[in-house]
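Colleague: Got a minute to go through this one with me? Let's pull it up first.

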Amino acid sequence: MPVKPERIANWDDLTPLTPVAALVAGVDLVLVRWAENEGERVSVLFGRCLHRGALLADGFVRGDDLICGVHEWDYNYKSGISSYKNDDRLKSFKAWVEDGGVFVDREEVETWAREHPQPYDRSQYQGAFADPHGTPDEPYNIWIRELAENGLERAGHHGRMNAMGVPRHELPAWEDIQLLTAQLHKLPLLDDEEVDSRLVIGPR
């Protein structure tokens, strides 16, 4: 299959060990320039954290790891493999430096994108920063996004009410609430008894 070179960055614009974003065929990529044996190289990885889809170009490098800036998931910036959990690995794309530019094979990215369709619509609310994943701990994340985008327009005046970001099992349940009758210092007045509504200020 012929290579379709696509220039995604200028080599001189890359600061060593500083993540940089690129977009090819609708796929977010992250570039990291690094040195090895007195030579310099560049890694080009899938640019989304596998946890919640955050842009890894917004993260940072710590040691040998590219760290997600949201929840600090780690990926080796050379291989894309997580040192914490080896099963978590970012796709690593072939990249090379030529004529002062960094290139990838667009065909390789397009092939990968067909197998891994990207859910980010940059023309919509939140666009590249949407969180389509969610977690079991935040089951209402999609509903919160709906409210943020459309308000109550599609939900009615009161809409639904849920806790934002608090796991349901950590919220009080009806069975956690106990109602006890209290001893009364004075018996309550009957409905037909008169009540003095005068207001007295001071000792008299």
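Colleague: Which residue does V30 stand opposite in β4?

Modeller: L45. Keep in mind that this is a predicted model.

Colleague: Noted. How many bridges join β3 to β4, and which way do the strands run?

Modeller: There are 8 bridges, and the strands run antiparallel. β3 covers residues 27-36 and β4 covers residues 39-46.

Colleague: What about the hairpin of β3 and β4, which residue has a positive phi there?

Modeller: N37, with phi near 50°. The hairpin has 2 residues between its strands.

Colleague: And L45, what does it stand opposite in β8?

Modeller: S92. V44 has a bridge partner in β8 too, namely F93. In total, 2 bridges join β4 to β8, again antiparallel.

Colleague: What is the strand order in the open sheet?

Modeller: β2-β3-β4-β8, 4 strands with antiparallel pairing. β2 and β8 stand at the edges with a single partner strand each, so one side of each has no neighbour in the sheet.

Colleague: Switching to α1. Which of its residues are buried?

Modeller: E107, V109, E110, W112 and A113. The helix spans residues 106-115.

Colleague: What do those buried residues pack against?

Modeller: The strands β2, β3, β4, β8 and β10. So β2, β3, β4 and β8 of the open sheet are among the packing partners of α1, given that contact means heavy atoms within 4.5 Å.

Colleague: What caps the N-terminal end of α1?

Modeller: D105. One of its side-chain oxygens lies 3.0 Å from the backbone nitrogen of E107.

Colleague: Now pockets. How much space lies in the largest one?

Modeller: About 170 Å³. It is lined by 13 residues, and the closest to its centre are G53, A54, L55, V70 and F129.

Colleague: How does that lining split by class?

Modeller: 6 nonpolar, 3 polar and 4 charged residues.

Colleague: Back to backbone angles. What is phi for E72, and where does E72 lie?

Modeller: Phi of E72 is near 60°, positive although the residue is not glycine. E72 sits in the loop between β6 and β7. Most residues other than glycine have a negative phi.

Colleague: Is E72 buried or exposed?

Modeller: Partly exposed, because its relative accessibility is 46% and buried means under 20%, exposed over 50%.

Colleague: And Q126, what is its phi?

Modeller: Near 70°, also a positive value in a residue other than glycine. Q126 is in the loop between α1 and α2. Its relative accessible area is 31%, so Q126 counts as partly exposed.

Definitions and conventions. Residues numbered from 1 in each chain as written. Predicted model: local features only at pLDDT ≥ 70, side-chain atom pairs only at ≥ 80, totals over all residues. Heavy atoms only, no water. Pairing = 2+ DSSP bridges. 1 Å grid on protein atoms, 1.4 Å probe; cavity = no way out; pocket = protein on both sides within 12 Å on 5 of 7 lines; lining within 4 Å. Points joined across faces, edges and corners; volume = space filled by probe spheres on them. Nonpolar A, V, L, I, M, F, W, Y, C, P; charged D, E, K, R; others polar. Buried < 20%, exposed > 50% of the residue type's maximum accessible area, 1.4 Å probe, protein only. Polar contact = N/O pair within 3.5 Å; in protein donor to acceptor, adjacent residues only side chain to side chain.
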